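Visitor: I would like a close look at one chain of this model, and then at what lies around it. Please start with how far the prediction can be trusted.

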Amino acid sequence: MEIDVCPPEQRQPNMSIEGFHADYLKVFYGKLFPHADIFKWMSYGNDGKHPACDQSYFGRREFSFTLDNDIYIRFQSFSNATEMENAIKEKCPFKIDLGAVYSVDPPKRHAYAGNNVFTPVERELVFDIDMSDYDDVRHCCSGADVCSDCWPLMTAAIKVMDTALRDDFGFSHILWVFSGRRGVHCWVCDGRARRLSDEQRSAVADYFRVYKGHENGLKKVSFVGPALHPFLVRSYNDVLKSFFEEDMLPSQSLLANEARYQKILDLIPDESTTSEIRDKWNSNRRSSISKEDVNTARWEQLKHALQSSKQKGLRRCVEEIVFSYTYPRLDIEVSKRMNHLLKAPFCVHPKTGRVCVPIDPRRCDEFDPGKVPTLSELLGELNDMDRVRADSSSGLPAEEWERTSLCRYIRFFRSSFLQPLLKSCKEELEGTYSAKLRQSKDSLGW
Amino acid sequence: MEIVRSNRKSTAAAADSVPALSLYRSAPSLEVRLEEFELYAIDRLRVLKGISDGLSRGKKPDEMEKLVSELWRVNMRHQDANEVMNKDIISHFVLRLVYCRTEDLRKWFLSMETTLFRYRFRLEGSESQRALMTDFNLPYKPLSHAEYEGVKEELSQVARSIGLPHNADSMFFKVHFEEVPELVATRKVFIQKGYAYVAMNQVASLVVTQFRSHLSKALVLTNRKWMSSIRDQEKDRLTPIVEAMSSSYLGPDYSQPKESTEISLKDIDQVANSSFPLCMRHLFEKLRETHHLKHGGRMQLGLFLKGVGLSLDDALAFWRAEFSQNVGSERFDKEYAYSIRHNYGKEGKRTDYTPYSCQKIISSTPGTGDHHGCPYRNFSEENLRAALRRMGVGERPMEEVMERVRNRHYQLACTLTFEAVHGTSCDSGVNHPNQYLSLSQRAMQSKVRGSSCPLTISAVIGDPCVDLGPTHQPTSPSVG
């Protein structure tokens, strides 16, 4: 089937035009969206034949669709993979959100009267980091835009959080996903994470929280006490210090001119130190050194002034500045409650046309949001494939997506995330089952 | 081990073997006299309301610890030392019945009982604390020496980051991080691979979390039982008591005024200006201005004046003097005098009505032409500021008052007004207009005497005016 698309030479990478969109989506959901993988993921092993499998599990998961014209349908559910796939193909949602697993099938919730009967029972621990929350510290873009100068803030955030989630909290089944435009989502799918109560989720979210409000338009970080918590120390030493000094300082020219360095000076609570530094920098303004040198050199001066100062309250100023600029800025509300919906991976972002693909946390430095495949690119690739198939009779792989740029992302999803997860789920199901059997055997014993 | 041990004895505070704190795991099978049922619960309720007050004033943990200790000591004692534990347990379970009935009540009760438990636990010795942890079957494991060595650097870092001393001897426990959400949220604990390493002195958090979660579930179950069987079964005995208790005002009812606050008509304007709370000032001003008040206002102000010590004759004279300038004295005698006499219990069913508490006043809904209710709640910001200025509240205290109003803490706003106007602190907080007046008079008298008068909780709650029934022994006030 040939889709009405510009020939390859004229195709622009970022094209996403209204009107075409719904038709493109139809093909996307028909040939590219990994329905079976999403189903397997959401089943967490309950789609098997083992007696421990809960056949009702998948049907109790809430899906929500956003259709054309902003029509929003919540509390959908499906009893099996085919139902889900057919519903998606038929409705072509612009966005699919995944909700919690509830105590009863969401569509049946009204049939149960009284409190506490329709309630979430499991939900992944999720995080949402959005670049627009960093607008006060990035000078290259603002709002919806993202570029290679500011995207590294996301990379730093992923590193800090991924390490903490694994080393501190002991989670292993973690999926990082590009949100399609300017941020990332994190899905923590271990059983322990899915079963966290709202209060426990809140606690984890607060563990990651470092800002205490705004001061002079800049996020305020305040470290009191003679030492920092080991989590903060590790984040600083392993990620944030070098990121700030080697990457952000030069790329955002944070100290190059007065407007910018004033923001950093505003974070320092001691007037005498700041005015001394300001005078020094003002008098150096006319020397002709390259931009990079200015930022790094000035930072060294500032660090020295702060660390050698005898004043109270300046002890941790260097760390406070670094954290203010680089520490992950989570949207805490997303993580705190089980019933919060979050966009499913592999959706297409309506404004950019980009697919929400997974990000490998071990290679997140290499991720470039500008190179993520778009819907129109993918459809173009499918067209090319058709043309090739029409010309030759070479054996092409069964799945069409395998020949598109989406392939490596789906493969990564399966091998790095889904397979280990399902293996672990299987072990868990079988384990609890045998434990229960043993228990009932023992109690019947005498 | 004794063979014959009645239930009663086993719950008594045998100080060495049984910890003084109960976990309230199951309702005791004790016989309770009906009077004890209500009175014990009311005493405990005073403690909980005192805690609520302390929390909404933003008291720090050290202050809360002192407050809880004081509240408990004052309200929960008993002449018979063996009965102290029983009173604790009985009052808790009775209040469970009272506060299980709606989501809001449950939330409040859970919050206050957890706070109470938290501070009482803190006040216990470490042996007692360990015993309680065992009682709770807490899933904690003391760290082995090897494990400790592996993480001692980080443990010391955490201790320093929260400003606590860290000595190598202190015991650490390993628990799943889910068990200690408070410690995780505030990064007061080192976590690794899903385990939190909790110091002995943080153990309270573990226990409190367990307590809270257990009580939360218990309340839901209690509610179900209440709805399905208890409420009907007890409709002639316990149910009316239970239903009245959650909205009760617990201070003195001011139905029998003391001599020192009796007011004569000639002084009334001056007293109104110096000692009336804003709600009564406003009504009084409007009465003087328009020589009339509608029913709600007449009730609120009239009963207040009665509580202040205005005799029936003086009251009749007072209201007639005003109303006759508006409707004429004949109409006054015909239409209004009767209800004044009614308020004093001289007509009809002869109930001696009690002056309204703040709770009651705040919850009233004045309509157009009405001036009763709580001005902190009902006035526009502009009008409230103007009224407070007329009372003599300065700019800075004004802002604090407005802040409380915005957060709907009307009684705290009134308390701050009191403090600003009188220049003294009011530790007990305002919860009754007559209390405001009596505190005001006291403050002014002591100014005259030249000494300052610290006001403690017992001054209000331990007032000899309290009359709760034949078996209640009033405590004597301890104001210097």
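Visitor: What pLDDT does chain B average?

Guide: The model is predicted, and chain B averages a pLDDT of 79, with 84% of its residues scoring at least 70. That average covers stretches with very unlike scores. In chain B, confidence is lowest in helix α22, residues 457-461, where the mean is 27. It is highest in strand β3 of chain B, residues 190-192, at 96. Helix α22 of chain B lies in a weak region: over residues 450-480 of chain B the pLDDT is below 50. Beyond near neighbours in sequence, that stretch has 49 contacts in the model. The start of chain B is also weak, since pLDDT stays under 50 over residues 1-17. For those residues the model has 12 contacts beyond four places in sequence.

The strand with the highest confidence belongs to a sheet. Chain B has an open sheet of 4 strands in the order β1-β2-β4-β3, with antiparallel pairing. Strands β1 (141-142) and β3 of chain B stand at the edges, and each has a single partner strand, so one side of each is left without a neighbour in the sheet. Between the edges lies the pair β2 and β4. Strand β2 of chain B, residues 172-176, is joined to strand β4 of chain B, residues 195-199, by 5 bridges, and the two run antiparallel. Within this pair, Lys174(B) stands opposite Tyr197(B) in β4(B). As a general rule, strands of a sheet pair through backbone hydrogen bonds, either parallel or antiparallel.

Chain B also touches chain A. For the complex, the predictor gives an ipTM of 0.88 and a pTM of 0.64. The contact takes 19 residues from chain B and 26 residues from chain A. The two chains bury about 2,000 Å² between them, and 58% of it is on carbon and sulfur atoms. On the side of chain A, Arg192(A), His229(A) and Pro230(A) lose the most area to chain B, and together they account for 27% of what that side buries.

One of these residues appears again in the charged contacts. Arg192(A) forms a salt bridge with Glu178(B), and the closest N and O atoms are 2.7 Å apart. The count of salt bridges between chain A and chain B is 2. For comparison of scope, the structure holds 53 salt bridges over all chains. Between chain A and chain B there are also 13 residue pairs in polar contact, with both residues at pLDDT 80 or more. Three helices of chain A, namely α4 (152-168), α6 (198-207) and α7 (230-251), each supply at least two residues of the side that touches chain B. Of these, α6(A) gives the most, with 6 residues. By type, the residues on that side of chain A divide into 16 nonpolar, 3 polar and 7 charged.

Helix α4 of chain A holds a salt bridge of its own. Asp162(A) forms it with Arg166(A), and the closest N and O atoms are 2.9 Å apart. The two residues are separated by about one helical turn, because they are 4 residues apart in helix α4 of chain A.

The partner chain can be read in the way chain B was read. Chain A averages a pLDDT of 87, and 87% of the residues score at least 70. Over residues 1-20 of chain A the pLDDT stays under 50, and the model has 29 contacts beyond four places in sequence for them.

Chain A, too, has an open sheet of 4 strands with antiparallel pairing, here in the order β5-β7-β6-β11. Its edge strands are β5 (125-130) and β11 (358-359), each of which pairs on one side only. Strands β6 (residues 174-178) and β7 (residues 183-188) of chain A run antiparallel and are joined by 5 bridges. In this pair, Phe178(A) stands opposite Val184(A) in β7(A).

Another pair in chain A is a hairpin. Strands β1(A) and β2(A) form it with 5 residues between them, and Asn69(A) in the turn has a positive phi of about 60°. The two strands, residues 61-66 and 72-76, run antiparallel and share 3 bridges. Here the bridge partner of Phe63(A) is Gln76(A) in β2(A).

Key. Residues numbered from 1 in each chain as written. Chains lettered and ligands numbered in written order. Predicted model: local features only at pLDDT ≥ 70, side-chain atom pairs only at ≥ 80, totals over all residues. Heavy atoms only, no water. pLDDT = per-residue confidence, 0-100. Contact = heavy atoms within 4.5 Å. Buried area = accessible area lost by both parts, 1.4 Å probe. Salt bridge = Lys/Arg side-chain N within 4 Å of Asp/Glu carboxyl O. Polar contact = N/O pair within 3.5 Å; in protein donor to acceptor, adjacent residues only side chain to side chain. Nonpolar A, V, L, I, M, F, W, Y, C, P; charged D, E, K, R; others polar. Pairing = 2+ DSSP bridges.
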